[in-house]
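Colleague: Hi, I'm new to this one and could use a quick tour. Can we put it up on the screen and go through it bit by bit?

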Amino acid sequence: MYERSSAAELAESLKSELNRYSVGGKLPSSRALVEHYRVSPVTVSRALALLAAEGLVVTRPGAGVFRARPRSAEPASGDTSWQEVTLSGEGAGDVVPRSVDASGVLVSLAAPPSGVIELNSGYLHPSLQPERAMAAALARAGRRPGAWSRPPVEGLPELRDWFAREIGGAVSAADVLVTAGGQSALTTALRALAPPGAPILVESPTYPGLLAIARASGCRPVPVPVDAEGVRPELLAAAFEATGARVFVCQPLFQNPTGAVLAAARRTEVVRIARAAGAFVVEDDYARNLAHEDADPLPATLAADDADGVVVHVRSLTKATSPSLRVGALAARGPVLDRLRAIQVVDSFFVSRPLQEAALELVGAPAWPRHLRAVAAELRHRRDVLAGALRRELPALTLPQPPSGGYQLWLRLADGADEAAFVASALRAGVAVAPGRPYFGAEPPGPHVRLSFAGVAGAGELTEAAQRLRSGLGPTRDAAPQFG
């Protein structure tokens with residue numbers, strides 16, 4: 001007898017032994033498999049589910065698991081070449097493109113090859129996710145009265161009220177719409193605020209998912225440079241005047257990818273400039289729950305200080321929990337809220353009620369503040385470990401003041417360095433990093449890469465990643481990358 005550590009491995013073993021059973025023959029009981037392979041009942045259940053999904057076994061409740069009848073030969077593949085003509089029929093005059101470049105988004109979503117250290121992730125590693133608390137919340141949610149009935153299209157009142165309190169200021173539950181995560185909220189906001197063909201002001205650099213949304217909507221992202229204190233107000237005002245834009249999208253807190261926090265003196269200035277231009281500010285507050293343990297007291301949201309309905313606020317639970325807990329919020333005041341609601345209803349009707357109920361259970365549980373404190377401490381630790389490892393292993397690099405929130409370091413390579421070659425060399429050395437080019441709406445001022453410290457299993461992998469980068473990238477003293 002021997003031990004199997006995962007359902008996938010156990011499924012492979014069972015698959016190799018299926019020929020011992022005739023079609024329709026019964027496999028050993030779950031208890032027998034647990035004893036033979038020395039695994040948990042959960043692992044056996046998951047392994048059998050994998051085999052059932054492949055059509056290799058059939059589960060009959062109360063009777064057992066049986067070998068399935070082999071599938072008939074796969075039908076011959078058809079000729080799909082006609083699609084190339086149809087899909088390429090997009091004309092230059094089409095305002096909204098039918099093909100979308102999602103490469104910048106997929107970099108942070110794709111799992112790297114086995115053995116590669118993942119420094120390109122956009123989410124917390126499972127070891128940092130509140131898995132037990134989420135499982136308990138989901139179980140409690142399923143037992144709530146009416147948990148499977150249709151929710152209000154705006155979202156559960158209690159969840160809207162919680163989001164409103166989190167946003168602060170005069171924002172009330174009536175100003176909030178529950179969304180299927182932050183990406184969905186941003187998509188709804190841009191569709192509501194900017195017609196196809198319109199310019200949209202964005203920070204430069206900025207989150208690639210935002211650029212993809214804008215381009216998929218037929219809008220033209222116009223970059224406004226960011227420095228260590230956030231977006232530069234004088235350039236924002238000039239961009240509004242030059243383009244006639246009516247939307248500016250920003251991340252005032254721990255901006256992705258730079259980690260910048262919008263300076264106090266610029267906060268009111270940004271909203272004032274937008275109000276003078278008759279424009280909206282879409283505030284993507286994605287990282288409020290990702291502040292590090294040593295962060296200064298967080299500033300209020302832009303929406304909290306906005307009395308005139310200039311700010312449309314986006315918030316999500318996803319970044320601080322799990323990629324699959326896709327629950328977020330849009331907050332707005334005035335007639336624009338009706339437009340946001342209408343677009344969301346047409347697109348998706350409403351967010352799954354069980355998921356909303358689970359989110360409500362999670363944020364109301366004592367485990368929630370404990371989880372946020374644990375994440376704050378671990379992100380600070382990982383930031384310091386990665387920064388320290390880079391200084392030791394690649395001493396030619398220079399680091400700015402590390403960000404006090406978020407999950408990434410933004411690295412500028414030396415002028416003239418080949419960004420694509422850097423990324424490829426890092427991958428050959430066993431480290432996946434995110435290229436900087438997708439973060440820019442226009443030509444970048446130089447080559448960059450983004451290193452995330454949230455998606456690895458532990459801080460030890462960050463030290464290993466720096467060592468691999470040193471060995472894989474070769475000497476750096478003569479042509480040193482620079483952080484900035």
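Colleague: Where does Leu210 lie?

Modeller: Leu210 is part of helix α9, which covers residues 208-216. Keep in mind that this is a predicted model.

Colleague: Okay. Is Leu210 buried or exposed?

Modeller: Buried, because its relative accessible area is 3%, and the cut-off for buried is under 20%.

Colleague: And which residues is Leu210 in contact with, leaving aside neighbours within four places in sequence?

Modeller: Leu190, Val202 and Val249. Leu190 is 20 residues apart from Leu210 along the chain, and their C-alpha atoms are separated by 9.4 Å.

Colleague: Which residues of α8 are buried?

Modeller: Gly182, Ala185, Leu186, Thr188, Ala189, Leu190, Ala192 and Leu193. So Leu190, the contact of Leu210, is one of the buried residues of α8.

Colleague: How far apart are the end C-alpha atoms of α8?

Modeller: They are 16 Å apart. Helix α8 has 12 residues, 182-193, and at 1.5 Å a residue it should span 16 Å, so the two agree.

Colleague: New topic: cores. How many residues are in the largest nonpolar core?

Modeller: It has 81 residues. Those with the most contacts inside it are Leu119, Leu201, Phe240, Phe248, Val281 and Leu317. Helix α14, residues 367-393, gives the largest share of this core, with seven residues.

Colleague: What's in the second core?

Modeller: That one is separate and has 27 residues, including Leu177, Val202, Val247 and Leu337. You met Val202 above as a contact of Leu210.

Colleague: Back to Leu119: what does it touch, not counting residues up to four places away in sequence?

Modeller: Quite a list: Val431, Ala432, Val433, Ala434, Arg450, Leu451, Ser452, Val456, Leu462 and Ala465.

Colleague: How do the axes of α10 and α11 cross?

Modeller: At roughly 10°, and they come within 10 Å. That makes α10 roughly parallel to α11, because angles under 35 degrees count that way.

Colleague: Which residues meet there?

Modeller: From α10 you have Pro233, Leu236, Ala237 and Phe240, and from α11 Arg266, Glu269, Val270, Ile273 and Ala274. By class, the contact has seven nonpolar, two charged and no polar residues. Phe240 also appeared among the residues with the most contacts in the largest core.

Colleague: What about Asp285, buried or exposed?

Modeller: Asp285 is buried, at a relative accessible area of 1%. It sits in the loop between β9 and β10. Apart from its neighbours within four places, Asp285 is in contact with Leu253, Thr301, His313, Val314 and Arg315.

Colleague: Now the backbone. Which peptide bond has omega near 5°?

Modeller: The one from Ser204 to Pro205, and it is cis. Pro205 is in the loop between β5 and α9. Asn256 and Pro257 are also joined by a cis bond, with omega about 20°, and Pro257 is in the loop between β8 and α11.

Colleague: What is phi of Phe254?

Modeller: Near 55°, which is positive in a residue other than glycine. Phe254 is in the loop between β8 and α11, and it is buried, with a relative accessible area of 2%. Phe349 has a positive phi too, about 65°.

Colleague: Is Phe349 buried or exposed?

Modeller: Exposed, because its relative accessibility is 55% and the cut-off is over 50%. You'll find Phe349 in the loop between α12 and α13.

Methods: Residues are numbered from 1 along each chain as its sequence is written. This is a predicted model: local features need pLDDT of at least 70, side-chain atom pairs count only at pLDDT 80 or more; totals for chains, interfaces and linings use all residues. Side-chain values use heavy atoms; hydrogens and water are left out. A nonpolar core is a set of buried Ala, Val, Leu, Ile, Met, Phe, Trp, Tyr and Cys residues joined through side-chain atoms within 4.5 Å. Buried means under 20% relative accessible area, exposed over 50%, partly exposed in between (1.4 Å probe, protein chains only). Helices (H or I, at least four residues) and strands (E, at least two) are DSSP runs, numbered from the N terminus. Contact means heavy atoms within 4.5 Å. Axes are lines fitted to C-alpha atoms, for helices over the stretch in contact, and angles run from 0 to 180 degrees between N-to-C directions. Angles under 35 degrees count as roughly parallel, over 145 as roughly antiparallel, 65 to 115 as roughly perpendicular and the rest as oblique. Ala, Val, Leu, Ile, Met, Phe, Trp, Tyr, Cys and Pro count as nonpolar, Asp, Glu, Lys and Arg as charged, and the others, Gly among them, as polar. The expected span of a helix is 1.5 Å times one less than its number of residues.
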